[in-house]
Amino acid sequence: METRRCVFVGVGGQGNLLASRLLGEAALSMGIPAVVSEIHGMAQRGGVVESYVMMRGVTSPIVSDGEADILIGFEPLETLRTLAKCNRKTVVITNTHPLPPFTVSVGQGKYPPVDEVLDLIRARIDHMIALNGTRLAEEAGNPLSLNMVMLGALAGSGATSITGECMKETIAGSTKKAFLESNLKAFDLGMEEAKRLTG
Amino acid sequence: MHKLLVDSPGKEMLLLGNEAIARGALEAGLAFATCYPGTPSSEIPEQFFKISRETDLFFEYSTNEKVALEVGAGAAVSGLRTMVTMKHVGVNVAADPLMTLAYVGIKGGMVIVTADDPSLFSSQNEQDNRYYARLSGLPMLEPTSTQEMKEMTVAAFDLSEELDLPVMIRTTTRLNHIRGAVRLGELKPIKTKDTFKKNPSRFVTVPAVSRNLHKLLLERYDQAQEMAEKSIFNRIIGNGRWGIAASGVSMNYVSDAITDLGLSDKVSILKLGFSWPIPKGLCTRFLSQMDKVLVVEELEPVMENDLKVIAQENAITIPINGKGAGRLSRLFEYDPGMVREAVAEYFGVDYQAPEMVDLSDLPELPERPPNLCAGCPHRATYYAVKQVFGPDAIYPTDIGCYTLGLLPPISMADFVICMGSSVSSSCGFSRATDQEVVSFIGDSTFFHSGITGLIDGVHNNHRFTLVILDNGTTAMTGHQPHPGVDTGPMGVERTLISIEDVVRGCGVKDVHVVRPFKVKKTIGAVRAAKEYNGISVIISEEVCPLFAKAIGRKKRTRPFHVNSDKCKDHRDCINQLACPAMFLEGDRVSIDKNLCNGCSICAQICPENAILPLKE
């Protein structure tokens, strides 16, 4: 498979940095050259957190606007906001569960209805996989395993050459025992849902 | 065992850029490390802090960057291999010792890491610290990948000892925070003690000594330049007549651009990793073989100007351009698309930018700025101060999480330029205006550089209130300890210094220690401070909830909920506190029980007492 530029976006605390690191490690374990790029610090205090994973043939650690092959959004509004990284052919995988920012709570702006958000995304790209990852994470027994659901959905989408088995081995290698079962279950639920949605 | 202590030469690991630097230092036999943490440098010392508990490595979180460099200087002139790390603006704090340490030099290899922050992800400016190499006369290395971050660190120690000079490694945020494959080398044994040999004509910089030392520094500079000519980190890649000069992370964008545009036969790249002193011979050879040259470097046109000087000295008249080509500017970090476009435009190559999705007709999306966490004690302190001083007092603030007090509805940050400026600028504000002045500083920042300003305020009879937000950790940069922290739970023995004792020792007579989650009492203390004619200090003590959780010391608290029968929809809670655990459900305020930290501030300010703890 050729070069893959993946963008992860989420809200501080949703665990997208861990997800991108695990994807990078899984790639490396399969012998696929990978660079992961993260932003730490101020941006993590409840703000938007973006990370990138570049696989094969690229050394640049950032994705320019319009150049993402895959966008994995942990929150629908942030997926929409990050569409600037996408082109028509980008595979967009998004969680549908909204986390309204506090600016909305204090009346500075309105959170559009989620269906509208998804329609706005769908109208601009050819491949969107929208799943309620938050619900699947809860179903797996740990609301914090959303990042595993999303990695599962990525594996289920077939958009990279990283296999589900390899991804699960990597997850198992860096998860505390107490969370291992729920993490792997969350991954499987995400993978099955993405497979179901892509038919 | 810490993962960076794996002794398996040849093994490949996925490492964070900052981990790669730490590993490089260990492979060079690092014995002594100091720092003041600061994004994007913080994960380097984080490794040393953990490793120092398992090995003979000495590591300390120093009070500030100047102290860190001076502590390091003592070790390095005694003969130990030493690393000092800081963010770019930290070098400003350390600039005083830096300039003269360059004169006296070192004995054990010393590497200073400056982590620059183009695009200001987590900083107050985006200064280009390549100028510090030029200002101090010290050699500088600029890695381009995780592998190079490790390799250059090892090489920097050897270089430092060959030249008897500290060597600077300059990174940028993108490099510090990428993860990439790193092939490990051998770990060197470390020398943890040596003997300081007295030599006043080298180490005591009175004018008569320094006159000689400056001359010596210039000789070493020439020697360093010769080494840069032969360095493996400096080379010309390719045989084409279109030249591109690059360093740092930009090198990756250039190399991807050449691949994407299919220009590898037409282009030659000048890659400068050992970038200062600039290898003039190599640069001249490069320039003399090119038809035109594009310089790709983030921030200032440093290399561009150097190359123009070299061209002039050698009567080379080809076009050399950097800033202004395409969208390449002095502002912010670059990206691959921007560099690809600039290369195509500069050399007149056909290029179609990828088609972006059209977002022009999107509805306005609500912003999501970073915010104080649920249960953050700073929110409570800000609330209490605002009840007494109102919106019109001047609120100088400082560098830390609490700078987020800038955002509405708190809106209590009026002036900040650097660490410690809250206190000292308040001295000026209180004299220059008749407005009331209340300044905010964090505990770590107070130790870093708030104390001298406080002494100034007391001594010169200024009048303002200083609020020290003591959350028991250096929160913003990732929960490092500071002199006021009990480090026992972190597994190291350090002597705790009481902030209150320091404040009283500085001569402050009106001192109030408050627990900000006790709203009424805190407001009472703020009132008393307001009445005082002179400098009053409020120390607001409550541990950072993220830190408490991280060290397993979080007290059990019950989350709160809004009782909809009692709630009369005043919305004081959400409008004045803007806690991220609160949201509107339909028209009414609701609390997310998974986010609520149980701090109870909202319950204390609700006029209807409608916010109550959830029953178990």
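Buried here means under 20% relative accessible area, exposed means over 50%, and partly exposed covers what falls in between, with a 1.4 Å probe and protein chains only. By that yardstick B:Ser119 comes out partly exposed, because its relative accessible area is 23%. The model is a predicted one, so to speak of local features a pLDDT of at least 70 is needed, side-chain atom pairs count only at pLDDT 80 or more, and totals for chains, interfaces and linings use all residues. Residues are numbered from 1 along each chain as its sequence is written, chains are lettered from A and ligands numbered from 1 in the order in which they are written, and side-chain values use heavy atoms, with hydrogens and water left out.

Back to the backbone of B:Ser119: its phi is near 80 degrees, a positive value in a residue other than glycine. The residue sits in the loop between β5 (110–116) and α5 (130–136) of chain B; helices (H or I, at least four residues) and strands (E, at least two) are DSSP runs, numbered from the N terminus. In chain A, A:Arg56 also has a positive phi, near 60 degrees, and belongs to the loop between β3 (48–55) and β4 (70–73). With 27% relative accessibility, A:Arg56 counts as partly exposed.

Two cis peptide bonds turn up in chain B loops. One joins B:Thr39 and B:Pro40, with omega at about 10 degrees, and B:Pro40 falls between β2 (32–35) and α2 (43–51). The other runs from B:Pro408 to B:Pro409, where omega is near 5 degrees, in the loop between α14 (377–389) and α15 (421–432).

Helix α4 of chain B covers residues 88–104. Its expected span (1.5 Å times one less than its number of residues) is 24 Å for 17 residues, and the end C-alpha atoms are 23 Å apart, which agrees. There is nevertheless a kink of about 70 degrees at B:Ala94, shortly before B:Pro97; the bend is the angle between axes fitted to the seven residues ending at a position and the seven starting there. Since 12 of the 17 residues are buried, α4(B) is largely enclosed by the rest of the structure. Among those buried are B:Ala94, B:Pro97, B:Leu98 and B:Tyr103. Just after the helix, B:Gly105 takes a positive phi of about 75 degrees.

Over in chain A, A:Thr160 occupies the loop between α6 (146–157) and α7 (164–173) and is buried, at 9% relative accessibility. A polar atom of its side chain lies 3.2 Å from the backbone nitrogen of A:Ile162.

As for cysteines, the whole structure has zero disulfides over all chains, a disulfide being a pair of cysteine sulfur atoms within 2.5 Å. For A:Cys6, the nearest cysteine sulfur is that of A:Cys86, 11 Å away; A:Cys6 is itself buried, at 0% relative accessibility. The sulfur of B:Cys602 is 6.1 Å from that of B:Cys599, its closest, which is too far for a bond. B:Cys602 is buried too, at 8%.

Finally, the two chains meet through 57 residues of chain B and 56 residues of chain A, with contact meaning heavy atoms within 4.5 Å. The buried area (accessible area, 1.4 Å probe, that two parts lose on being put together, summed over both) is about 4,700 Å², and carbon and sulfur atoms give 61% of it. B:Arg179, B:Pro366 and B:Arg368 supply 18% of what chain B buries against chain A, more than any other three residues.

Note on methods. Polar contact = N/O pair within 3.5 Å; in protein donor to acceptor, adjacent residues only side chain to side chain.
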